[in-house]
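Got the viewer open? Keep the selection tool handy, and we'll go stop by stop.

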Amino acid sequence: MSGTMPGDGDGTRAVRAGLPEPVKHEPTLPGPVFAAHYHLPGDPTGPYTYGRDENPTWTLLERAIGELEAPGQDGAETLVFASGMAAISSVLFSQLRSGDAVVLPDDGYQALPLLRAQLEEYGIEVRTAPTGGDAQLDVLDGARLLWIETPSNPGLDVCDVRRLAEAAHARGALVAVDNTLATPLGQRPLELGADFAVASGTKQLTGHGDILLGYVTGRDAQAMAAVRRWRKIAGAIPGPMEAWLAHRSIATLHLRVERQNATALALARALRERPEVTGLRYPGLPEDPAHKVAAQQMRRFGCVVSFTLASREVADRFLAALRLVDDATSFGGVRSTAERRGRWGGDAVPEGFVRFSVGCEDPEDLVADVLRALDASAT
């Protein structure tokens, strides 16, 4: 644990997370350590021996993320990775063996089908279920691992993590939760009963769209040792500069999340008044199908709003008419982005489906821009 002893408030915790004990004349957050190897006379003891295994910059970042994902859980451990997919792969491929069964969402991140194909090639049975309605309960028997993505990307469905974790554990299965969209300030999967919290730090955690990063936080030492071994074997490690930038960026996480979540709710409220918008989803709306469960396990509802316009052509016109929003993939950045998600071909969504990531612009300006673009796209 860091010697800074963050307070209980999310803002205090974010700005102080992972900082080392203060040393006179040293920076508050030490700069990145660029090292492939370390001075190591005699027997290879100590924390830093080779650059693929450990790095002091990773150590501080891992402490910071751990203080956000699992505050007060002394047995929890965090490992950082080169990307969110590296983190996801580390859990799946370190915990599963040929003959095992795993349950994946059928409405989750579009790279999951690639993972499914690879898992099946290794002789692992892959079962799928939608996120909403806790449908995973029907396919849990005999599974080794339950993978949950809540809220789901891009459909924003939510499942009951506590309920599913209890059911999975009763059947002898591990539980991993993709916490990318919620961030640790939105929900803490380990407190809800999960064994692993996994996320892409590329998104809202770091929030500036300039680094790729992933992490795994887990509370079982043996399981995390296997994740660490997988990282070593695959070499799926972040660069020290990326790790340092991520740690620096976490200091503003609370400020960004507060603005983005509030604006996302304002945008969703404005969109529900527009007759050309259908399929509007945002867990923070009281009428959203996911709101009841989300309100029981989430402290904040995220920065992503999804909705559908009449056709591909209308959605393309809408995106082209936006002035404050970049047409780009990914989400969680300080600059708002949106995209017609069907252009990738990997999501079961209508052609006019739009995933909108709310940034840190002034709420009034952003909502006005969206409403103006909707008007323009109708002509």
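Which residue is the bridge partner of D326 in β11? Select T337: that's the partner. Keep in mind as you click around that this is a predicted model.

Now show the strands on either side of that bridge. β10 runs parallel to β11 (residues 337-340), and two bridges hold the pairing. Widen the selection and you get an open sheet of five strands, ordered β8-β9-β12-β11-β10, with mixed pairing. At the edges sit β8 (278-281) and β10 (326-327), each pairing on one side only. Next, add residues 253-271, which is helix α8: it packs on the sheet and touches β8, β9 (304-308) and β12 (353-357). Its direction makes about 15° with that of β9.

Time for some rings. The structure has three aromatic pairs, and here are two stops among them. Pick Y38 and Y48: their ring centres are 5.8 Å apart and the planes meet at 40°, so this pair is tilted. Both residues sit in the loop between α1 (10-16) and α2 (56-69), ten residues apart. Y38 is buried at 16% relative accessibility, while Y48 is partly exposed at 25%.

Then jump to F93 and Y122. The ring centres are 5.8 Å apart, but the planes are at 80°, so call this one edge-to-face. F93 belongs to helix α3 (residues 84-95), and Y122 is 29 residues away in the loop between α4 (112-121) and β3 (125-129). Y122 is partly exposed, at 48%.

Last stop, charges over rings. Select K203 with F331: the charged end sits over the ring, 5.6 Å from its centre. Then try R231, which lies over the face of F81 at 5.9 Å from the ring centre.

How values were computed:
Residues numbered from 1 in each chain as written. Predicted model: local features only at pLDDT ≥ 70, side-chain atom pairs only at ≥ 80, totals over all residues. Heavy atoms only, no water. Pairing = 2+ DSSP bridges. Helix = DSSP H or I, 4+ residues; strand = E, 2+ residues; numbered from the N terminus. Contact = heavy atoms within 4.5 Å. Axes fitted to C-alpha atoms, helices over the stretch in contact; angles between N-to-C directions. Phe/Tyr/Trp six-rings, centres within 6.5 Å; stacked < 30°, edge-to-face > 60°. Buried < 20%, exposed > 50% of the residue type's maximum accessible area, 1.4 Å probe, protein only. Lys NZ or Arg CZ within 6 Å of the ring centre and 35° of its normal.
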